[in-house]
Amino acid sequence: MGGVSVGVLDHFNIRTRKLAETVRFYEDVLGLEKGARPNFAFPGAWMYSEGKPVVHLVDISPTSEPQKPDSGVVHHVAFVSRGFEGMKQRLASKGMTFDARQVPGGDLWQIFVHDPNGVMIELNYEAAQEQGAAPAEMAGDIGRQ
């Protein structure tokens, strides 16, 4: 394509009536940090990972916009992550339901968890960089669940 590239994921946006609960999930469960956000004319929050605002939240409570019951046509949002065992322990300590699996071939380990709005979050770990026991290898797509 001659130097043309879409690049990497910048951020995803969630429109929610559960702003405080959603901020808590991304801070307390996933370990993101609430950070600086432009002075928009509507309430919300930007959640940062490694200094980058990767999750943008918009509070639609003051509006008549309906809260979607799930993530709509977006099936999941994925992050390249580190610390597989630590994240499993963190999720378990928070009482979160999650699925840990190994992609066929063994190079990639994954964790799937849902935020308070029904958005599926996929955390991807390069197996060669991780410690601990490999999760079960699963040939099926998590999307069937």
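Where in the chain is the place of Glu 50? Here are some notes to help you find your way around this predicted model.

1. **Glu 50.** Look in the loop between β3 (44–49) and β4 (52–59), and you will find Glu 50 there. Its phi is near 50 degrees, a positive value in a residue other than glycine. That is worth a second look because most residues other than glycine have a negative phi. Is Glu 50 buried or exposed? With a relative accessibility of 67%, Glu 50 counts as exposed.

2. **The annotated domain.** An unreviewed UniProt entry carries the annotation "domain: VOC", which covers residues 8–126. Over residues 8–126, strand makes up 39% of the chain and helix 18%. The C-alpha atoms at the two ends of that stretch are 17 Å apart.

3. **Helix α1.** Several residues of α1 are buried, and they are Leu 19, Thr 22, Val 23, Phe 25, Tyr 26 and Val 29. After α1 comes Gly 31, with a positive phi near 85 degrees.

4. **Aromatic pairs.** How many aromatic pairs does the structure hold? There are seven aromatic pairs. One of them is formed by Phe 12 and Tyr 26, an edge-to-face pair with 6.4 Å from centre to centre and 65 degrees between the planes. Phe 12 belongs to strand β1 (residues 12–16) and Tyr 26 to helix α1 (residues 19–29), so this pair ties together parts that are 14 residues apart in sequence. Phe 12 is buried, at a relative accessible area of 9%, and Tyr 26 is buried too, at 0%. To see the wider setting, pick out Phe 12, Phe 25, Tyr 26 and Phe 79, which ring pairs link into a cluster.

5. **Asp 59.** In strand β4 you will meet Asp 59, a residue that is buried yet has no salt bridge. Which side chain of opposite charge is nearest to Asp 59? The answer is Arg 17, 6.8 Å away; a salt bridge would need the charged atoms within 4 Å. Asp 59 does have a polar partner, as its side chain makes a polar contact of 2.8 Å with the side chain of Ser 61.

6. **Around Asp 59.** Setting aside neighbours within four places in sequence, Asp 59 is in contact with Thr 16, Arg 17, Leu 19, Pro 43 and Gly 44. Among them, Leu 19 also appears in the list of buried residues of α1, while Thr 16 falls within strand β1 (residues 12–16).

Definitions and conventions: Residues numbered from 1 in each chain as written. Predicted model: local features only at pLDDT ≥ 70, side-chain atom pairs only at ≥ 80, totals over all residues. Heavy atoms only, no water. UniProt positions renumbered as here; feature names shortened; annotations may be inferred. Helix = DSSP H or I, 4+ residues; strand = E, 2+ residues; numbered from the N terminus. Buried < 20%, exposed > 50% of the residue type's maximum accessible area, 1.4 Å probe, protein only. Phe/Tyr/Trp six-rings, centres within 6.5 Å; stacked < 30°, edge-to-face > 60°. Lys, Arg positive; Asp, Glu negative; His and termini not counted. Polar contact = N/O pair within 3.5 Å; in protein donor to acceptor, adjacent residues only side chain to side chain. Contact = heavy atoms within 4.5 Å.
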